[in-house]
Amino acid sequence: DGRGGEYFDAAFAEVERIVASRELIEDEEMQDEDEDQERRSRGDGFEYLCKWRNLPYAECTWETRPDVEESIGTQEAKEKIEAFLRFQEPPEKEKRRRQRRAPVPAK
């Protein structure tokens with residue numbers, strides 16, 4: 001086929017959505033404290049469980065904010081993280097009411 005190996009779909013390296021988040025905790029087994037501090041300072045103190053485009057949810061991985069930004073760009077990463085955070089809090093009770101649907105026309 002002329003490619004000299006297996007085909008790699010570049011979409012596999014693109015974050016499709018953020019599924020979960022967790023706070024970065026200091027790794028007690030990590031020998032280099034400076035490395036751990038540097039890793040925390042690069043991001044926002046969280047890791048994000050990323051669903052990768054064209055891959056199943058079983059292939060989700062934990063990534064820091066800089067890694068997500070590297071995958072899809074700073075602005076899109078910000079939008080995806082904000083969208084994830086928006087769905088973590090239920091809407092206020094007043095905003096939970098269902099919208100009235102237009103009546104179905106009789107035939």
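**Strands, cysteines and salt bridges in a predicted model**

The sulfur of Cys60 lies 7.9 Å from the closest cysteine sulfur, that of Cys50, and this is too far for a bond. I begin with that distance, and I should say at once that the model before you is a predicted one.

Taken from the other side, the closest cysteine sulfur to that of Cys50 is in Cys60, again at 7.9 Å and too far for a bond. A disulfide is a covalent bond between the sulfur atoms of two cysteines. The cut-off applied here for such a pair is 2.5 Å, and the structure holds 0 disulfides. Are these two cysteines buried or exposed? Cys50 is buried, with a relative accessible area of 0%. Cys60 also counts as buried, at 17% relative accessibility.

Let me turn to the strands. Strand E2 covers residues 46-52, and 6 of its 7 residues are buried, so that the strand is mostly covered. Which strands pair with E2? One of them is strand E1, residues 15-23, which pairs with E2 in the antiparallel sense over 7 bridges. Within that pairing, Glu23 has Phe46 of E2 as its bridge partner. Another is strand E3, residues 61-64, which runs antiparallel to E2 and is joined to it by 4 bridges. Here Cys50 stands opposite Thr61 in E3.

Phe46 appears again when we look at Thr64, a residue of strand E3. Thr64 is buried, with a relative accessible area of 6%. If its neighbours within four places in sequence are left aside, Thr64 is in contact with Phe46 and Glu47.

I move next to the helices, starting with H2, which spans residues 65-72. Its buried residues include Pro66, Val68 and Ile72. These cover an arc of only 160° around the axis, which puts them on the same side of H2. Just after H2 comes Gly73, which takes a positive phi of about 95°.

Helix H3 spans residues 74-86, which makes 13 residues. From its first C-alpha to its last, H3 reaches 18 Å, close to the 18 Å expected at 1.5 Å a residue. Ala77, Lys80, Ile81 and Phe84 are buried in H3. Where do the buried residues of H3 fall when seen down the axis? They fall within an arc of 95°, so they line one face of the helix. As for what this face meets, the buried residues of H3 pack against E1, E2 and helix H2.

The last topic is charge pairing. Side chains of opposite charge can pair when their charged atoms come close. How many salt bridges does a search of the whole structure find? It finds 5, and I shall describe some of them.

Consider Glu14 and Arg53, whose closest N and O atoms are 3.1 Å apart in a salt bridge. Glu14 lies in the segment before E1, and Arg53 lies in the loop between E2 and E3, so this pair ties together parts that are 39 residues apart in sequence. Both ends are partly exposed: Glu14 has a relative accessibility of 25%, and Arg53 one of 26%.

Two further pairs lie within helices. In helix H2, Arg65 and Glu69 are 4 residues apart, about one turn of the helix. Their side chains meet in a salt bridge at 3.3 Å, N to O. Glu69 counts as partly exposed, with 24% relative accessibility.

In helix H3, Glu76 and Lys80 are likewise 4 residues apart, about one turn of the helix. The salt bridge between their side chains has an N to O distance of 3.7 Å. Is each partner buried or partly exposed? Glu76 is partly exposed, with a relative accessible area of 30%. Lys80 counts as buried, at 18% relative accessibility. The threshold for buried is under 20%, and Lys80 is thus listed with Ala77, Ile81 and Phe84 among the buried residues of H3.

To close, I return to strand E2. E2 pairs with E1 over 7 bridges and with E3 over 4 bridges, and the buried residues of H3 pack against E1, E2 and H2. Cys50 is buried at 0% relative accessible area, and its sulfur is too far from that of Cys60 for a bond.

Technical notes. Residues numbered from 1 in each chain as written. Predicted model: local features only at pLDDT ≥ 70, side-chain atom pairs only at ≥ 80, totals over all residues. Heavy atoms only, no water. Buried < 20%, exposed > 50% of the residue type's maximum accessible area, 1.4 Å probe, protein only. Helix = DSSP H or I, 4+ residues; strand = E, 2+ residues; numbered from the N terminus. Pairing = 2+ DSSP bridges. Expected span 1.5 Å × (residues − 1). Arc of directions from axis to C-beta. Contact = heavy atoms within 4.5 Å. Salt bridge = Lys/Arg side-chain N within 4 Å of Asp/Glu carboxyl O.
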